[in-house]
Amino acid sequence: MVRTSHRRQLVCWIQEAYRLSERRACHIARLSASSFRYRSVRPDQSPLRLRLRDLAGVRLAGGYP
């Protein structure tokens with residue numbers, strides 16, 4: 001299965017290479033036009049991820065012996 005981000009790149013390539021409309025390129029790549037135009041509004045959480053990695057390295061899990 002291919003991620004939506006990869007399909008977006010494919011749609012852009014199809015548009016440039018074959019000079020097709022966005023609608024036709026999305027149809028070829030099997031991606032809806034609304035998914036192609038969608039932009040995430042999720043906040044960046046990279047500082048949180050780094051902090052969690054640091055804590056995971058310090059506090060080793062016990063687990064089953």
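A salt bridge here is a side-chain nitrogen of Lys or Arg within 4 Å of a carboxyl oxygen of Asp or Glu. Keep that cut-off in mind, and keep in mind too that this is a predicted model. By that criterion, the structure holds one salt bridge. The partners are E22 and R37, whose closest N and O atoms sit 2.8 Å apart. The pair ties together distant parts of the chain, with E22 in helix α2 (residues 22–28) and R37 in helix α3 (residues 33–37), 15 residues apart. As general background, side chains of opposite charge can pair when their charged atoms come close. How covered are the two partners? E22 is partly exposed, with a relative accessible area of 24%, while R37 is exposed at 54%.

Now step back to the whole chain. There are four helices and zero strands, so reading from the N terminus you simply get α-α-α-α. The radius of gyration is 20 Å, well over the 11 Å that the globule rule gives for 65 residues, so the chain is more spread out than a compact globule. If you prefer box dimensions, the C-alpha trace spans about 60 × 30 × 20 Å along its principal axes. Burial is worth a look as well: buried residues make up 12% of the 65 residues.

Helix α4 (residues 46–58) gives a local view of that coverage. None of its 13 residues counts as buried, so to speak: the helix is hardly covered, with a buried count of zero. Its geometry holds to expectation, since the 13 residues reach 19 Å from first C-alpha to last, close to the 18 Å expected at 1.5 Å a residue.

Next, go back to helix α1 (residues 4–18), where you'll find W13. This residue turns up in two places in the story. To begin with, W13 joins L10 and Y18 in making a nonpolar surface patch of about 350 Å². Membership in such a patch takes over 30% relative accessible area, and W13 clears that cut-off because its own value is 47%, which makes it partly exposed. Y18 is exposed, at 55%.

W13 and Y18 also meet as rings. The count comes to one aromatic pair, and it is this one: the ring centres are 5.8 Å apart and the planes stand at 85 degrees, so the pair is edge-to-face. For the angle, the cut-off that matters is over 60 degrees.

Key:
Residues numbered from 1 in each chain as written. Predicted model: local features only at pLDDT ≥ 70, side-chain atom pairs only at ≥ 80, totals over all residues. Heavy atoms only, no water. Patch = residues over 30% accessible without salt bridge, like charges linked within 9 Å, V, L, I, M, F, W, Y side chains within 5 Å. Areas by Shrake-Rupley, 256 points an atom, 1.4 Å probe, with all protein chains shown as cover. Helix = DSSP H or I, 4+ residues; strand = E, 2+ residues; numbered from the N terminus. Buried < 20%, exposed > 50% of the residue type's maximum accessible area, 1.4 Å probe, protein only. Phe/Tyr/Trp six-rings, centres within 6.5 Å; stacked < 30°, edge-to-face > 60°. Rg over C-alpha atoms; globule rule 2.2 N^0.38 Å.
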